[in-house]
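Please read the following note with the sequence and the coordinates open beside it. It is written as a set of numbered points that can be checked one at a time.

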Amino acid sequence: MATVAPERVSRPQVRQTTCFIDGKWIPSASGKTFETIHPATEEVICEVAEGDKADVDLAVDAAREAFENGPWATMDARDRGQLMHKLADLIEAEIDELAALETLDNGKPITDSRNADLPLVVDCLRYYAGWADKIQGDTIPIRGDYLCYTRREPVGVVGQIIPWNFPALMAAWKWGPALAAGCTIVMKPAEQTPLTCLRMARLAQKAGIPDGVINVVPGYGPTAGAAIVEHPDVDKIAFTGELATAKIIQRAAAESMKRLTFELGGKSPNVIFADADLEHAVAGAHFALYFNQGQCCCAGSRLFVEDKVHDEVVDRIADWNAKHAVGDPFDPNTKQGPQVDQAQFEKVLQYVDYGRQDGASCVTGGKRVGDQGYFVEPTLFTGVTDEMRIAQDEIFGPVLSVLKFSDVDELVKRANNTNFGLAAAVWTRDVAKAHRFAAKVRAGTVWVNCYDVFDAAAPFGGFKESGIGRELGEAGLAAYTENKTVTLSLG
Ligand code: NAI
Ligand code: MG
């Protein structure tokens with residue numbers, strides 16, 4: 001993907017701020033709204049409709065109707081794919097505007113939203129558009145005089161609950177496979193970042209995706225989110241967010257045996273062996289943690305460094321941190337913006353305290369930047385041991401923990417010493433060592449001599465408490481289909 005140097009973008013216009021239900025833009029039934037803020041300045045951007053159960057009920061009815069009786073259900077699969085391509089084209093045509101809206105609502109640097117988030121949105125929708133007419137079953141040679149075949153049918157009405165760290169991209173990861181499979185959608189964007197999702201819904205409408213196929217209900221988790229999860233007419237929930245929330249959802253969804261896919265947190269081990277190309281490894285390890293203000297589910301937050309190169313790696317990361325430009329996310333030179341909100345900002349600083357209390361050394365950072373906005377210095381801890389809270393818990397901020405190792409056999413055990421299992425990485429010139437680690441580490445994604453390489457075609461998801469199921473690729477699509485076996489007597 002070519003990198004674009006974004007112009008200093010003036011503040012984008014906010015256009016959609018209401019619920020989007022059955023093709024209509026409507027206030028919440030209660031009339032309530034909530035504020036969404038720009039985390040760099042703490043200024044209120046606008047008020048957004050605060051949906052809850054009444055709005056979710058309407059949205060689920062619309063999605064059910066569109067699924068059972070709308071043109072979506074009877075449309076040729078290839079035409080469904082064409083509508084998705086149209087949506088991708090419309091997003092691409094507004095990519096600067098959408099990137100700026102993402103930066104306004106989330107605080108991420110404009111260079112990242114313009115070069116990473118939004119291009120990946122377009123790519124994901126195009127990838128899944130290509131799948132729409134390629135979802136096919138098998139013919140199965142069963143015993144006897146029968147014709148047996150399978151059909152892969154859409155799972156139905158899907159509830160999609162997404163977080164704030166990649167707002168537009170998480171919407172695309174969830175809409176792509178759902179639309180390709182022929183499902184209909186009730187989405188709840190995160191309360192911190194509803195704006196790009198609503199804009200994308202407007203573009204879906206413009207693209208000609210029929211009314212009721214995509215419904216968006218902005219609002220809070222325990223109200224709007226819970227109403228989606230508890231609704232008996234929702235067939236599947238796709239959720240990305242915190243483990244504790246996923247457990248609440250899993251319990252509630254048991255009532256109606258909903259299909260579930262979860263993409264949760266991580267405490268991903270990133271291993272630098274002494275034989276690695278250190279310049280490359282350090283740049284990669286820095287990116288692995290500090291990208292997106294550390295707010296990545298797959299952040300390489302436990303950096304294991306072989307003792308022989310430990311000090312050199314720490315010095316180099318400290319140098320990177322000294323040069324890491326923290327500030328106005330609309331400045332194209334900014335590398336790190338604010339944390340998304342006050343709660344996240346406080347959580348990160350709390351973990352800095354835990355790190356100090358538990359005896360780790362804070363080599364860089366550890367403090368707030370400025371006195372306005374939720375900025376945290378790029379923070380680096382050394383002397384971190386496996387039991388410390390900063391080595392166990394997901395911090396979701398710019399706080400890197402360095403753990404020293406010398407024994408390779410111990411390393412795998414230590415890397416796996418976490419309830420999470422989302423991602424892992426290894427930096428080495430020894431191919432055998434890399435593959436041995438890749439086979440043994442309990443993680444859904446392993447990167448070798450790279451980090452955060454995402455592609456819409458490559459499945460992503462977690463082992464252990466990092467999730468259930470996979471997103472992206474064919475595996476991500478399969479989670480939106482039911483397999484039906486049809487057996488016909490030829491006798
Ligand atoms: P969260 O899990 O509470 O929020 C994610 C989404 O779930 C939001 O749309 C929220 O409104 C919704 N939600 C919350 N409670 C719900 C409920 N009872 N029923 C249905 N939906 C509900 O995560 P939060 O509070 O924003 O962040 C807390 C921590 O979670 C972060 O510090 C980070 O450690 C982790 N996290 C992980 C993410 C990932 O990508 N895996 C993304 C966001 C947060
Ligand atoms: Mg929460």
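The points below take up a strand and its neighbours, two backbone angles, aromatic and charge–ring contacts, the ligand, and one serine.

1. The model under discussion is a predicted one, and local features are considered here where pLDDT is at least 70, while side-chain atom pairs are counted only at pLDDT 80 or more.

2. Strand 11, which spans residues 269–272, is covered on both of its faces. Pro-269 and Val-271 are buried on one side, and Asn-270 and Ile-272 are buried on the other.

3. Strand 11 has pairing partners that can be described in turn. With strand 12 (residues 302–306) strand 11 pairs in the parallel sense through 4 bridges, and within this pairing Ile-272 is placed opposite Val-305 of strand 12. Between these two strands the chain passes through helix 10 (residues 278–290), and the resulting β-α-β crossover is right-handed. Strand 16 (residues 423–427) also runs parallel to strand 11 and is joined to it by 3 bridges, with Val-271 standing opposite Val-426 of strand 16.

4. Two residues other than glycine deserve a look for their backbone angles. Glu-42 has a positive phi, near 65 degrees, and belongs to the loop between strand 3 (33–38) and strand 4 (43–49); its relative accessible area of 31% makes it partly exposed. Phe-396 likewise is not a glycine and has a positive phi of about 65 degrees, but Phe-396 sits in the loop between helix 13 (389–392) and strand 15 (399–405) and, with a relative accessible area of 13%, is buried.

5. How many aromatic pairs does the count come to? The total is 15 aromatic pairs. One of them joins Phe-34 and Tyr-220, whose ring centres are 5.3 Å apart and whose planes meet at 50 degrees, so that the pair is classed as tilted. Because Phe-34 belongs to strand 3 whereas Tyr-220 lies in the loop between strand 8 (214–216) and helix 8 (221–230), this pair ties together parts of the chain that are 186 residues apart in sequence. As for accessibility, Phe-34 is buried at 3%, while Tyr-220 is partly exposed at 33%.

6. A further tilted aromatic pair is formed by Phe-166 and Phe-291, with 6.2 Å from centre to centre and 35 degrees between the planes. Phe-166 lies in the loop between strand 6 (157–161) and helix 6 (167–181) and Phe-291 in the loop between helix 10 and strand 12, so the contact ties together parts that are 125 residues apart in sequence. Phe-166 is buried, with a relative accessible area of 11%, and Phe-291 is buried as well, with a value of 14%. The loop that holds Phe-291 follows helix 10, the helix of the crossover described under point 3.

7. Which residues form one aromatic cluster? The cluster is made up of Trp-173, Trp-447, Tyr-451, Phe-454 and Phe-460.

8. Charged side chains over ring faces should be read together with the aromatic contacts. Arg-80 lies over the face of Trp-72, at 5.9 Å from the ring centre, which is to be set against a cut-off of within 6 Å for such a contact. Lys-236 lies over the face of Tyr-480, and here the distance from the ring centre is 4.5 Å.

9. Around ligand 1 there are 28 residues, of which Ile-162, Trp-164, Glu-191, Lys-347 and Glu-394 come nearest. Polar backbone atoms take part in contacts with oxygen atoms of the ligand: a backbone N or O atom of Ile-162 lies 2.8 Å from an oxygen atom of ligand 1, and a backbone N or O atom of Glu-242 also lies 2.8 Å from an oxygen atom of ligand 1. For Gly-221, a polar backbone atom is 3.2 Å from an oxygen atom of ligand 1.

10. Is Ser-28, in the loop between strand 2 (24–26) and strand 3, buried or exposed? With a relative accessible area of 5%, Ser-28 is buried. A polar atom of the Ser-28 side chain lies 2.9 Å from the backbone oxygen of Lys-32, and a distance of 3.4 Å separates a polar atom of that side chain from the backbone oxygen of Glu-50.

Notes: Residues numbered from 1 in each chain as written. Chains lettered and ligands numbered in written order. Heavy atoms only, no water. Buried < 20%, exposed > 50% of the residue type's maximum accessible area, 1.4 Å probe, protein only. Pairing = 2+ DSSP bridges. Right-handed = clockwise from strand over helix to strand, strands pointing away. Phe/Tyr/Trp six-rings, centres within 6.5 Å; stacked < 30°, edge-to-face > 60°. Lys NZ or Arg CZ within 6 Å of the ring centre and 35° of its normal. Near = heavy atom within 4 Å. Polar contact = N/O pair within 3.5 Å; in protein donor to acceptor, adjacent residues only side chain to side chain.
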